[in-house]
Amino acid sequence: MRVVNVTVGSNTGQTELVEQGRSRIKWIRSRMAMLASTRSEFETSQPFAGRRIGVSLHIEPKTAVLLETLHAGGAEIVGTGNHGSTQDDIVAFLQSQGIAILGSRADTLADHHANLERVLDAKPDILLDNGADLAAGVLARGMASAIVGGTEETTSGGDRLRGELGGKLPFPSIVINDSPLKQLAENKHAVGQSVVESFMRITNLMVPGRRFCVIGYGWCGRGIAQYLRALGGRVAVAEVDEIKALEAALDGYRVATLDALAPWAEVFITATGRAGVLPAAAVSTMASGAVLANSGHFPWEIEVDRLRDMATKITDLGGALQRFDFSDGRHVILVADGRMFNLAGREPKGNSIESMDLGFMLQALSLERVAKGSGLIAGAQPVPDDINRRIARLMVATMRSAA
């Protein structure tokens, strides 16, 4: 197999980064009991011996614990973070452990795309994907026949596998986001909690009494709306799907079109995984000072480029906030440049540790199933039911033991 070289600096600054990452990961690892048990199993069974896993995933402490687990199971790993969310101390620590991770928080979008190409250059035979970038890459390069299979983390990636790449994959791709466990524990409760926490930390604004518009009422949107309301926010939902719109109404939220809600809301949070759901045209009717934030994987839900074209002045306010002034005297505030702000914002924490223990257990066991090649078909598919049920039992047992 081709050897992947990652340069690790030996200067004092790099050593400090490694130790900072080590310290942060130690706390996270201590609270991920299910992955700890899986790591012990993998150390014995070595399900990934002789395999190279290509990774495209947010590089933060919880991700590091997953990668350690796969590495303990015999995997050679070469990977990169997602644009704008990579945490440099975690990269440094993983590199010090022989896990080849590329990229930095300062990477441009062009740098990120180059890192993805370097991952593919390493010729992985299993993919751990986020947004289907690696899956699209192996198809474009004509190297898909060498791929045993993979997993896909997100709603956005699952949509892409079934849409743009539908019918083209000759290998199985297990869509982790299709798991009812991920939808409930991670998307609803963890995203709901982390988005609201990140909004408060980054903006330092009050939630109680403030008017919020949540765009999209999928699992993430449900959680965001629930946690905002629990803290006293006044919440409305913009949802184009009739059944989800009805669900939001039955859950007690005001439901209307974005056009109708644009003049009313003070904060807009997108949660759809789809491009252009907060168009620049809607901004023209928003009150001055409205805050725009995206919680989806790709930075395309808010039409940021159009906002830049419309603005007469753009001011960096620091701490992941930018002010866009317009010719009519109004302005809006954009959070984290339109990227996933609970991971791309200031001092990002992401989803809760326990939820990611569950989510990354789904990843670990699904990748093990891919490596074994049993019971899977080509193309996008859900997490096997026996894996869901095993993890549900473990999670309940973990919660019960802590009671």
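Here are four worked exercises on a predicted model, to be followed with the structure in view.

**Exercise 1. Find the order of the strands in the open sheet of seven strands, and say which strands stand at the edges.**

Step 1. Begin with the order. Reading across the open sheet, the seven strands come as 3-2-1-4-5-6-15, and their pairing is parallel.

Step 2. Look at the two ends of that order. Strand 3 (100–102) and strand 15 (379–382) each have a single partner strand, so one side of each is left without a neighbour in the sheet. These two are the edge strands.

Step 3. Add the twist. From one strand to the next, it averages 20°.

Step 4. Recall what holds such a sheet together. Strands pair through backbone hydrogen bonds, in either a parallel or an antiparallel way.

**Exercise 2. Work along the sheet from strand 4 to strand 15: how many bridges join each pair of strands?**

Step 1. Strand 4 (residues 126–129) and strand 5 (residues 149–152) run parallel and are joined by four bridges. Here L127 stands opposite G150.

Step 2. Between strand 5 and strand 6 there are three bridges, again in the parallel sense. G150 has S173 as its bridge partner in strand 6. To get from strand 5 to strand 6, the chain passes through helix 7 (residues 155–162), making a right-handed β-α-β crossover.

Step 3. Strand 6 and strand 15 also run parallel, with four bridges between them. I174 is paired with Q381 of strand 15.

Step 4. Now look for what lies across these strands. Helix 15 (residues 353–372) lies across strand 4, strand 5 and strand 6, and runs at about 155° to strand 4.

**Exercise 3. Decide whether S173 is buried or exposed, and describe its surroundings.**

Step 1. Place the residue: S173 belongs to strand 6 (residues 172–175).

Step 2. Compare its accessibility with the cut-off. A residue is buried under 20% relative accessible area. S173 has 5%, so it counts as buried.

Step 3. Check the rest of the strand. S173 and V175 point one way, P172 and I174 point the other way, and all are buried.

Step 4. List the contacts. Beyond its neighbours within four places in sequence, S173 touches G150, T151, E152, L161, G379, A380 and Q381.

**Exercise 4. Compare two salt bridges, E19 with R22 and D125 with R51: where in the chain do the partners sit, and how accessible are they?**

Step 1. Recall the principle. Side chains of opposite charge can pair when their charged atoms come close.

Step 2. Take E19 and R22, whose salt bridge has an N to O distance of 3.2 Å. They are three residues apart in helix 1 (residues 12–30), which means about one helical turn separates them. E19 is partly exposed at 40% relative accessible area, and R22 is partly exposed at 34%.

Step 3. Turn to D125 and R51, whose closest N and O atoms are 3.5 Å apart. This pair links distant parts of the chain, 74 residues apart. D125 is in the loop between helix 5 (109–121) and strand 4, while R51 is in the loop between helix 2 (33–45) and strand 1 (52–56). D125 is buried, with 12% relative accessible area, whereas R51 is partly exposed at 25%.

Step 4. Put the pairs in context. The whole structure has 26 salt bridges, and R29, R39, E43 and E68 are linked in a network of them.

Terms used: Residues are numbered from 1 along each chain as its sequence is written. This is a predicted model: local features need pLDDT of at least 70, side-chain atom pairs count only at pLDDT 80 or more; totals for chains, interfaces and linings use all residues. Side-chain values use heavy atoms; hydrogens and water are left out. Buried means under 20% relative accessible area, exposed over 50%, partly exposed in between (1.4 Å probe, protein chains only). Contact means heavy atoms within 4.5 Å. Two strands pair if DSSP finds at least two bridges between them. Axes are lines fitted to C-alpha atoms, for helices over the stretch in contact, and angles run from 0 to 180 degrees between N-to-C directions. A crossover is right-handed if, with the strands pointing away from the viewer, the path from the first strand over the helix to the second runs clockwise. A salt bridge is a side-chain nitrogen of Lys or Arg within 4 Å of a carboxyl oxygen of Asp or Glu.
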